[in-house]
Amino acid sequence: MTRRLPIFLALTLVACGSDTAPPSTSPSATPAASAVAPSRSAEPTAAAGAAVPAPGSDSVIYPPNPGQIVVAVEAGHGGCLDWGVPDPGERGQDFSEKAITMAIARALADRLAADGVRVLLVRDGDEALAGDHYPALGCDGAQFRDVNGDGIAGFGPDLPEATRTRDELQARLDRANLARADVLVSIHVDSITDAAGTPLPIARTETFYTDETPWGEMSAQPLAASVQDALVRAMDAVAAYERQDRGINAHNLYLVAPSLLEPTAERPDPLRQPTRGALMPAILVEVGTITLPEEHELLLDGIGTAAAADGIFEGLVAWFGQRDLAARITPAGTEPGDPPEAVPGEGPPFRPQPMEGRPLRLRIANTGTRAWDAGARLIGGWVASDGPYLYGIPEGITPVGPELPALEPGASVVVEVDIGEPPPGGGLAWFSLQVGAENLAGHGSPALQLFSAAP
Ligand SMILES: [Zn+2]
């Protein structure tokens, strides 16, 4: 099933480049290009408007230009309050799901980094991103934050079920979205019990995705299938017991679901759905199971950890090798995938970077496998918004900046755009790319979002 991205009726586009300022029309019209480059630019004197060829590499994920690829790896669960599936043998948290998922995530991150790809470890250690403070259970982490904007935060019997969980998962989605990851891989380990809760000695692998985003069937489903197939092969190769291949499953688990603006018949409970869903193809992988003791031991062992990481890596290789249309838009002088750092306060911890420089210099890279003809355009403008960032394509967005030259896979270009002053009271600058008939934000390439710097 395919669904359009939600339209943001509540948001008003107050200004865009074509209304408030002439777009920079050609590189030769902006002789002062180098003078406006941020001082931390890696290429402060790069001429705007000229195609920069793909550097090439021996990467297997994306040979033309792996440094423009960002993979977000989310180790499921974590922190004092959320161990995930506990050890059936009651040996403690080092044997629980959260420890196994972190070990696999680190092994996968190492493989990706060695391939030249940038990695966002959504959590990097035994931590929660949205608070972990509950002294009654010995948890003395940071205070809870209302990340999803429902007005409540915390943990305990007086709060609706999963209050803490949904703020935590929303924070993890926000971090991957704002890093504009190409894919989000959430790593979990399952437990299988009978109706009475007795662990069943079954080992199996299963991968979840959603087909309800605009890119769900086209992109998330093949991602899930590639990772599932390679992961099953890798786990089978090191297991001395029977394993089950449960295949892929289209199911709106929180980490993979589209944004839920209003409850629907299929998704009646907004508590179990993200306010700001993943803006890229996202999968949740149940790598294996804790309830078969042999599999649990394998997953605690370096051999099982490496096999799981290898399987996910090989699945990503297969998927990136056939991803035809994708782009990365980065403020020139910043690195792709720089993770947003938490801001203090009680609300969402992760926010877009401030917009710096006017005109703005943006690097646009073709990160797909298909070459672009000349004529692709940035689309964007200022949007008035109270939220931390936008999770759909705002209305009224128009082309800004010059037409792009033809770009081979991995090639990039720096352009200058001027979208004028932010709206009174501040706002978000939103940029995506129009390639042919496709708006890439509707194709699973997250838009660049920047907030207006504080007055
Ligand atoms: Zn889990």
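## The zinc site

In this predicted model, the residues that donate to the zinc ion follow the sequence spacing H-x19-E-x90-H. The residues behind that pattern are H77, which coordinates the zinc ion through its NE2 atom, E97, which does so through OE, and H188, which does so through ND1, with a distance of 2.1 Å. Two of these donors come from distant parts of the chain, since E97 belongs to helix α2 (residues 97–114) and H188 belongs to strand β6 (residues 183–190), 91 residues apart. Both E97 and H188 are buried.

## The chain as a whole

It helps to set this site against the whole protein chain, which holds six helices and 18 strands. The protein chain has 455 residues, and 55% of them count as buried. If we take the contacts between residues at least 6 apart in sequence, 77% of them join residues that are at least 24 apart.

## The disulfide

How many disulfides does a search of the whole structure find? The search finds one, and it is formed by C80 and C139, whose sulfur atoms are 2.0 Å apart. C80 lies in the loop between β2 (70–75) and α2, whereas C139 lies in strand β5, so the pair ties together parts of the chain that are 59 residues apart in sequence. As a reminder of the chemistry, a disulfide is a covalent bond between the sulfur atoms of two cysteines.

The angle about the S-S bond is -75°, and the link of C80 and C139 is left-handed. Are the two cysteines buried or partly exposed? C80 is partly exposed, because its relative accessible area is 32%, whereas C139 is buried, because its relative accessible area is 1%.

## Aromatic pairs and a charge over a ring

A search of the whole structure finds two aromatic pairs. One of them joins Y134 and F155 in an edge-to-face arrangement, with 4.8 Å from centre to centre and 85° between the planes. This pair links distant parts of the chain, for Y134 is in strand β4 (residues 133–134) and F155 is in the loop between β5 (139–140) and α3, 21 residues apart. F155 counts as partly exposed, because its relative accessibility is 33%.

W319 and F320 also form an edge-to-face pair, with 4.9 Å from centre to centre and 75° between the planes. W319 counts as buried because its relative accessibility is 1%, and F320 is likewise buried, with a relative accessible area of 2%. Another aromatic residue, F313, has R111 lying over the face of its ring, at 4.0 Å from the ring centre.

## The surroundings of D174

Where is D174 placed? This residue is in helix α3, which covers residues 163–178. D174 counts as buried because its relative accessible area is 0%, where buried means under 20%.

Which residues are in contact with D174, once its neighbours within four places in sequence are left aside? They are V147, R276, P348, F350 and Y389. With Y389, the side chain of D174 also makes a polar contact, at 2.6 Å from side chain to side chain.

Notes: Residues are numbered from 1 along each chain as its sequence is written. This is a predicted model: local features need pLDDT of at least 70, side-chain atom pairs count only at pLDDT 80 or more; totals for chains, interfaces and linings use all residues. Side-chain values use heavy atoms; hydrogens and water are left out. Donors are N, O and S atoms within 2.8 Å of the metal (3.2 Å for Na, K and Ca); water is not among the atoms, so sites may look incomplete. Helices (H or I, at least four residues) and strands (E, at least two) are DSSP runs, numbered from the N terminus. Buried means under 20% relative accessible area, exposed over 50%, partly exposed in between (1.4 Å probe, protein chains only). A polar contact is a pair of N or O atoms within 3.5 Å; within protein, one must be able to donate a hydrogen and the other to accept it, and residues adjacent in sequence count only if both atoms are side-chain atoms. Contact means heavy atoms within 4.5 Å. Rings of Phe, Tyr and Trp (its six-membered ring) pair if their centres lie within 6.5 Å; planes under 30 degrees apart count as stacked, over 60 as edge-to-face and the rest as tilted. A charge sits over a ring if NZ of Lys or CZ of Arg is within 6 Å of the ring centre and within 35 degrees of the ring normal. A disulfide is a pair of cysteine sulfur atoms within 2.5 Å.
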